[in-house]
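Me: I have a new structure open here. Can you walk me through it?

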Amino acid sequence: MMIPRRPASAVQWARVFIHPALKNGSTAVDATAGNGHDTLFLAEGVGNRGRVYALDIQDAALEKTSKALKSAGLLDRVTVLKLGHQEMDRLAPDQADAVMFNLGYLPGSDRSVLTKPGSTRDGIKAALKILGPGGRASVLVYTGHPGSGEESRVVGELLSNLDQREFTVQKMVFWNSCKNSPELYFITRSGEKYD
Ligand SMILES: C[S@@+](CC[C@H](N)C(=O)[O-])C[C@H]1O[C@@H](n2cnc3c(N)ncnc32)[C@H](O)[C@@H]1O
């Protein structure tokens, strides 16, 4: 599995956090499929008995994700859906072991299609509803692009108000190296441990 031994980017740190929540037979959601990199990571992690739901609202993203999965021979364990992540609580039949959000716009594509504060907040709420005991969710927020300040504020406010008896929330930033550092939240639902 693509787990970096020396994670450098926020994307890599998100995988390091999510990895222990995955085992053969797990259910996982990629809430922002994009180019499909996180979907591939989740598809490897859930094994041949698991299921991944990969969601995006852009056809270009769904095509790229499906193509990447097909080349890796993993398409059969992934349901690729044109669905906003704010609707995800309608689809996961079982409780999810992992949910990943990688916000912002699809690199190399239409920059006018990007995650928005309101639907991001609703998407995270939906993810928290379906996350099973011991399940983990990561939320990667980019800053610096127009609208990102409000998205960062909304996500921070929502997550700082979660009941600490039910969820643990940690936040990572690149403190000394980056003016507009990405913000990465690690959310764990209390309950059964996977390791
Ligand atoms: C930064 S990209 C994701 C990158 C992806 N995780 C990867 O590994 O390549 C953000 C994606 O979120 C998608 N998006 C925007 N609003 C959305 C929504 N409400 N529900 C689901 N996806 C959304 C965009 O279309 C875009 O493809």
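Me: Which residues have the most contacts inside the largest nonpolar core?
Reply: This is a predicted model. Its largest nonpolar core has 46 residues, and A28, V29, A98, V99 and A127 have the most contacts inside it.

Me: What does A98 touch?
Reply: Leaving out residues up to four places away in sequence, A98 touches I18, A21, L22, S26, A28, L42, G135, R136 and A137.

Me: OK, the sheet. In what order do the strands come?
Reply: The order is 3-2-1-4-5-7-6, seven strands in an open sheet with mixed pairing. Strand 3 (78-82) and strand 6 (167-173) each have a single partner strand, so one side of each has no neighbour in the sheet. From one strand to the next, the twist averages 15°.

Me: How many bridges join strand 1 to strand 4?
Reply: Three, and the two strands, residues 27-30 and residues 96-102, run parallel. D30 has M100 as its bridge partner in strand 4.

Me: Which strands does helix 2 touch?
Reply: Helix 2, residues 37-45, packs on the sheet and touches strand 1, strand 2 (51-56), strand 3 and strand 4. The direction of helix 2 makes about 175° with that of strand 1.

Me: Switching to the ligand. Which residues come nearest?
Reply: T32, G34, N35, H37 and L106, out of 22 residues around the ligand. Helix 2 and strand 2 each supply at least two residues of that shell.

Me: And what is the shell like by class?
Reply: The shell around the ligand has 13 polar, seven nonpolar and two charged residues.

Definitions and conventions. Residues are numbered from 1 along each chain as its sequence is written. This is a predicted model: local features need pLDDT of at least 70, side-chain atom pairs count only at pLDDT 80 or more; totals for chains, interfaces and linings use all residues. A nonpolar core is a set of buried Ala, Val, Leu, Ile, Met, Phe, Trp, Tyr and Cys residues joined through C-beta atoms within 7 Å. A residue is buried if 20 or more other C-beta atoms lie within 10 Å of its own, exposed if 12 or fewer, and partly exposed in between; C-beta atoms are placed from the backbone. Two residues are in contact if their C-beta atoms, placed from the backbone, lie within 7 Å. Two strands pair if DSSP finds at least two bridges between them. Helices (H or I, at least four residues) and strands (E, at least two) are DSSP runs, numbered from the N terminus. Axes are lines fitted to C-alpha atoms, for helices over the stretch in contact, and angles run from 0 to 180 degrees between N-to-C directions. A residue is near a molecule or strand if its C-beta atom, placed from the backbone, lies within 6 Å of it. Ala, Val, Leu, Ile, Met, Phe, Trp, Tyr, Cys and Pro count as nonpolar, Asp, Glu, Lys and Arg as charged, and the others, Gly among them, as polar.
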